[in-house]
Amino acid sequence: MGERVEVSSGLRPRRRAPADPGAVPPAFAGPVMSRQSAEPAASRWPASRAERWDAGSGFAFAVVDGADVLGHVAVGAVDRRHGTGWVSYGTTAAAHGRGVASGGCRAVAAWAFGDAGLFRLEPGHRVGNRASCAVARAAGFAVEGIQRRRLEYDGVRYDVGLHARLATDPESAAARTAEAGGGGPGRSPPGP
């Protein structure tokens, strides 16, 4: 399977490397986000991603612009029997609102449908996280609904907004709008 994906506007997702600056995604640095990782320690994150890639059960990409790592996109919880994967993404603070996450998600989705042979990809976010919802929509993931009280952090249950994209979905208007410069996470999502 390929380890690099080409994207317009100078961005390029490529397989995450332990030597990447910020080998653990910056999004996990804060106390709230660090509790969202299933890894027992942030120091284990890069090694577990390499193991999952080699096993075909998860794929972590750094989204780079030249030598700068601006964010990450991962396809995890890969279920080969059903051809599904869970998409997660994040960016550095400096990259917020620049289309890094949505562009990375579009490119990694195309890779996952082609090279990894998956059929359905699902990103999700806590209800109320408008920026994450906008990223998913701009990357062409259709809103499917709410998963009630799906996630638990520190004893509190959260509803999750579920999106999905299928290998058979046509390129969406949202993705085309985002490529043209609109629909980044700091903007309102395009279309209804």
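The paragraphs below lead through this predicted model, from its overall make-up to its sheet and then to its core.

The protein has 192 residues, of which 48% are buried, and its secondary structure comes to five helices and seven strands. Followed along the sequence, these elements appear in the pattern β-α-α-β-β-β-α-β-α-β-β-α. Among the contacts in the protein with a separation of 6 or more, 58% join residues that lie 24 or more positions apart. The area that the protein exposes is about 9500 Å², and carbon and sulfur atoms supply 52% of that area.

The strands are a good place to begin looking at the arrangement in space. Seven strands form an open sheet with mixed pairing, and their order across the sheet is β1-β2-β3-β4-β5-β7-β6. The edges of this sheet are β1, residues 12–15, and β6, residues 142–153, each of which pairs on one side only. On average, and with direction ignored, neighbouring strands of the sheet are turned by 30° against each other. Within the sheet, β3 and β4 pair in the antiparallel sense over seven bridges, and histidine 72 has glycine 90 in β4 as its bridge partner. The helix α3 packs on the sheet, where it touches β1, β2, β3, β4, β5 (120–126) and β7 (156–166), and the direction of α3 makes about 40° with that of β3.

From the sheet and its helix, the reader can turn to the nonpolar interior. The largest nonpolar core holds 27 residues, and those that touch the most other members are Phe59, Val75, Val87, Tyr89, Cys105, Leu121 and Phe141. Two or more residues of this core come from each of β2 (59–65), β3 (68–79), β4 (84–91), α3 (100–114) and α4 (130–138), with α3 giving the most, namely eight residues. Valine 75 shows what such a position looks like in detail: leaving aside residues up to four places away in sequence, valine 75 touches Gly58, Phe59, Gly85, Trp86, Val87, Val108, Ala112, Leu118 and Leu121.

Two cysteines complete the picture. Cysteine 105 counts as buried because its relative accessibility is 3%, under the 20% limit that the term requires. Cysteine 133, with a relative accessibility of 18%, also falls under that limit and therefore counts as buried. A search of the whole structure for disulfides finds zero.

How values were computed. Residues numbered from 1 in each chain as written. Predicted model: local features only at pLDDT ≥ 70, side-chain atom pairs only at ≥ 80, totals over all residues. Heavy atoms only, no water. Disulfide = S-S within 2.5 Å. Buried < 20%, exposed > 50% of the residue type's maximum accessible area, 1.4 Å probe, protein only. Core = buried A, V, L, I, M, F, W, Y, C linked by side-chain atoms within 4.5 Å. Helix = DSSP H or I, 4+ residues; strand = E, 2+ residues; numbered from the N terminus. Contact = heavy atoms within 4.5 Å. Areas by Shrake-Rupley, 256 points an atom, 1.4 Å probe, with all protein chains shown as cover. Pairing = 2+ DSSP bridges. Axes fitted to C-alpha atoms, helices over the stretch in contact; angles between N-to-C directions.
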